[in-house]
Each structure stands twice: as C-alpha cells, then as structure tokens.
Amino acid sequence: MRYALISDVHANLPALRAVHADIVQRNIPAVYHLGDLVGYAPWPNETVAMIAALGIPGVAGNYDSTVATDYQHCGCRYEDPRQEELSHLSYDWTRRHVSEATKAYLGALPFRIDLLPNGGHRAGPRVVLVHGTPTLNTVYWSADRPAEFCLKMATQAGMKPGDLIAFGHTHLPWHREIGRMHFVNTGSVGRPKDGDWRAGYVVLDVGETAPAVEFVRVEYDLDEATRGIRASDLPDDFADFLRTGGRLSPTTSAS
C-alpha cells in the first residue's frame, strides 16, 4: 500500500495545491495529513476547505487543537523574545480570521490515526500517525533524540517490530530505524525549516517487507505565497522565512 503523508501546511495554500497536484500525478491512492493546517499564512479557511473538499483525513496538530479550543497560546517553542512575539502575532491573527466552520473542522480532528495496510483480519505492519508524539502534539521529536526516547514513544504507541510511526511538528524531515521499528518525520508542506524552500511530503510504500520511505520536494508559487503574506497584516518576517526555507536568523517559533 502506498500512502502520501503531508504535514504542517500552515495555511500555505499555494504549497498545498502544488503538493496535491504532485500526489495526483504520482497516482498515490491514499493521502493523510499530520496536522497544523493553519497558522503563519493568510489562507487558514481556504486550506481547511481544500483538505475537507478532497476528503483528506488527518490528525490534530497543536495549532489546530489550540485554535479550535481558543487556548491562550499555540503550544509553540520559543528560542528568543522575537520568536515569541511573532508566534503570538500569528496565533492571534489566525484565531481572529478563522471561520466557525474552520474551527469546528479543526476541533473534530482526532489525535491519532492507525493504518493497517494488510487489513485488520491478519497480522502485519501498523502505521501510526500523530502530529508531535503519541503522548502530546506539542512535544518536539527531533532527529537528535536518543534511541531511548524513540523506544519510549514506540512503547507509548503500542508498536512492535515492523511498525512505523510518522509525525511532523519540527518541520525537519528524517527517517530512523531502531529495533526494526521505523520513525519518520515528514517535514513540512507549507513552512520548511531545512533551508530548502520547496514544499515537502513523504511517500510510504508499506508491504510485507521493510517500508520504503521517500522524501519528496515540490516547487510551488513562492511569489504568490509571499505576496499573500505581505498583503495581509501578518508580519513580513513570515514571507522572508518561506524564501529562505527557515534559515533566516531566528525569527519565528517552530510551531
């Protein structure tokens, strides 16, 4: 079974359109999102509407669940005062601009989705989808986490050898295998942080043997995205962030 996994769109509608077109061109039969549909760009309602219209199931990111419940902040990590300031500006803007229909959609997203590619009638690999970790959608699961942390999360998720867990949240793609279990960060569609401005997503090929993990990058209309940000009353910093693939001097939170 082949799956396309998209995460951290962050209201970047031009990037989402390009990624969806690429997935369609590749004829991938199943698509799931790993949360953080909104925040940092001016198309939260349009992004959620597109995901809903396409029938793409997915899980709640920290931005989704906090916007839906009017929480006091987005649950993001800050590295300096400017990051914190910009994060609050984005969150406040998003809360003011999402429609009630968008909030209802975000609030209905599940925390976790489990996929059984070989069907539930026989043993086989399980694919677990979350946003941050199996315990909280605000915890950052970075590539430098020790093996002990990964195995602890695998236990929390009820994983066994052959299983795979996919997540986003850090906007940095990576894949690691420990104890014949696979840990995959899908990166970000709408707000990459690895120095590559292109939208990123993952293609999984899961069968009887070890899963194949392909990291895909897609060019999109970056000018449209940055023009949209600058035309809104969001900080222009967010447009500069997109152009540099997140490698600008620290200006925004990881989300």
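In the predicted model, Leu 172 is partly exposed, with a relative accessibility of 34%; buried denotes under 20% relative accessible area, exposed over 50%, and partly exposed the range in between, with a 1.4 Å probe and protein chains only. Leu 172 belongs to the loop that joins β5 (164–167) to β6 (174–178). Helices (H or I, at least four residues) and strands (E, at least two) are DSSP runs, numbered from the N terminus. When neighbours within four places in sequence are set aside, the contacts of Leu 172 are Asn 185, Gly 187, Lys 193 and Asp 194, where contact signifies heavy atoms within 4.5 Å. One of these partners, Lys 193, is 21 residues away along the chain, and its C-alpha atom is separated from that of Leu 172 by 6.0 Å.

The model is a predicted one, in which local features need pLDDT of at least 70 and side-chain atom pairs count only at pLDDT 80 or more, whereas totals for chains, interfaces and linings use all residues. Residues are numbered from 1 along each chain as its sequence is written, and side-chain values use heavy atoms, with hydrogens and water left out.

A second loop residue is Val 139, situated between β4 (127–129) and α6 (147–157). Val 139 is also partly exposed, its relative accessible area being 21%. Beyond the neighbours within four places in sequence, Val 139 touches Gly 132, Thr 133, Arg 145, Phe 149 and His 169, in the sense of contact given above. Glu 177, by comparison, is 38 residues from Val 139 in sequence, and the C-alpha atoms of the two are 20 Å apart.

Ile 23 is part of helix α1 and is buried, at 4% relative accessibility. With neighbours within four places in sequence left aside, Ile 23 is in contact with Ala 4, Ile 6, Ile 28, Val 31 and Tyr 201. Val 128 lies 105 residues from Ile 23 in sequence and 20 Å from it in space, C-alpha to C-alpha.

Helix α2 spans residues 44–54, and its buried residues include Pro 44, Thr 47, Val 48, Met 50 and Ile 51. These residues lie on the same side of α2, because they cover an arc of only 160° around the axis; the arc is that of the directions from the helix axis to the C-beta atoms. In general, an α-helix has 3.6 residues a turn, so residues three or four places apart point the same way. The elements against which the buried residues of α2 pack are β1 (2–6), α1 (13–25), β2 (30–33), α4 (81–97) and α5 (100–107). After α2 comes Gly 55, with a positive phi near 70°.

Positive phi values also occur at two aspartates. Most residues other than glycine have a negative phi. Asp 8, in the loop between β1 and α1, has a positive phi near 50°. Asp 8 is buried, with a relative accessible area of 0%. Asp 36, in the loop between β2 and α2, has a positive phi near 60°. For Asp 36, the relative accessible area is 0%, and this residue is buried.

At the level of the whole chain, eight helices and nine strands are present. The radius of gyration, taken over C-alpha atoms, is compared with a globule rule of 2.2 Å times the number of residues to the power 0.38. For 255 residues, a compact globule would have a radius near 18 Å, and the 17 Å of the chain agrees with this. Along the principal axes, the C-alpha atoms fill a box of roughly 55 × 40 × 35 Å. Of the 255 residues, 56% count as buried. Among contacts with a separation of 6 or more, 68% are accounted for by residues 24 or more positions apart. The exposed area of the chain is about 10300 Å², of which carbon and sulfur atoms supply 51%; such areas come from the Shrake-Rupley method with a 1.4 Å probe, and for residues only the protein chains shown count as cover.
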